[in-house]
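User: Could you walk me through this structure and explain the words you use along the way?

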Amino acid sequence: MSNPIDYDTVVSAVVDILEEAETVLPKDVVVALEKAASQESSPVAKEQLEAILKNIGIAAKKKVPMCQDTGILIFYVELGRDARMDFRLEDAILEGVKKATRSIPLRPNAVDPLTRSNSGNNTGNGIPDIKYELVDGSSIKITAAPKGAGSENMSAIKMLNPTEKDSIRNFVLETVLNAGGKPCPPVVVGVGIGGSFDKAARLAKSALLEKVDEMSEEETVLLDDINSLGIGPMGLGGKTTALAVHIKKAHCHTASLPVAVNIQCWANRHASVVLGGDE
Ligand code: SF4
């Protein structure tokens with residue numbers, strides 16, 4: 001028999017993971033930034049990375065957001081098919097977001113796309129963006145991944161011709177080059193290949209949750225190509241334009257080759273909680 005999950009537990013867990021995501025950068029990202037700072041030979045690049053590291057240290061110590069743009073709120077939910085709840089999970093996540101907006105506090109970023117009127121609490125039509133995946137087991141895992149606009153705005157998608165697979169590398173490099181210093185590099189680059197128009201974008205974004213120090217050979221080669229662009233930390237030149245590249249693929253229509261590139265700034269924020277489980 002599985003443990004029932006109650007509404008208030010979800011609400012406070014959502015507040016906790018949002019606070020953790022906004023104030024404490026995952027260890028693998030911090031280590032990658034430290035390594036980059038030690039390897040940069042340009043004094044300006046080194047200085048930028050050291051300023052980022054100092055900022056991260058202060059945010060974690062004082063429990064304040066590491067960036068003024070606390071992002072649009074994205075949640076990944078792995079929902080155990082035997083999990084027991086007698087409420088709508090979405091309601092509890094929304095209440096957690098509203099509470100966290102007041103308590104952390106978070107910048108209210110959610111606006112109507114055309115009138116630009118601000119809901120004031122980071123919720124609205126379709127926001128937070130909650131992505132559900134049904135999995136085995138009786139627990140639920142909730143991951144919060146706040147996404148800043150500076151990097152999201154520089155992301156791109158292209159429907160390539162199936163014969164153009166050799167253009168994928170160029171499309172990724174072109175996207176990073178066009179972005180320049182705008183997405184606050186060093187960035188993490190998520191690449192989604194295949195699926196459909198929207199599936200490729202989802203693959204690219206979810207790739208950003210992968211650990212920065214765990215890359216395949218294919219990803220490492222693309223990372224080296226990106227870093228040879230010389231954009232550098234905050235776009236001021238240097239060896240470190242990106243900390244990592246992650247590629248996710250899905251089968252696609254024989255007549256399609258969708259490719260999406262989701263760019264994530266150095267503030268590669270995410271935190272998770274697991275609730276419920278067996279008694
Ligand atoms: S791109 Fe990232 S680091 Fe830059 S302002 Fe936005 S959230 Fe902050």
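**Pockets, cysteines and a ligand**

Analyst: Helix 2 provides the largest share of the lining of the second largest pocket, 6 residues. This is a predicted model, in which local features need pLDDT of at least 70, side-chain atom pairs count only at pLDDT 80 or more, and totals for chains, interfaces and linings use all residues. Residues are numbered from 1 along each chain as its sequence is written, and side-chain values use heavy atoms, with hydrogens and water left out.

User: What makes 27–39 helix 2?

Analyst: Helices are DSSP runs of H or I with at least four residues, and strands are E runs of at least two, numbered from the N terminus. Helix 2 covers 27–39, so that run is named by this rule.

User: Why is cysteine 184 called partly exposed?

Analyst: Buried means under 20% relative accessible area, exposed over 50%, and partly exposed in between (1.4 Å probe, protein chains only). Cysteine 184 has 28%, so "partly exposed" is the right term.

User: And is cysteine 265 buried or exposed?

Analyst: Cysteine 265 has a relative accessibility of 10%, so it counts as buried.

User: How do you know how many disulfides there are?

Analyst: A disulfide is a pair of cysteine sulfur atoms within 2.5 Å. The structure holds 0 disulfides.

User: Which residues are around the ligand?

Analyst: A residue is near a molecule or strand if one of its heavy atoms lies within 4 Å of it. Among the residues around the ligand are Cys67, Asp69, Cys184, Cys265 and Arg269.
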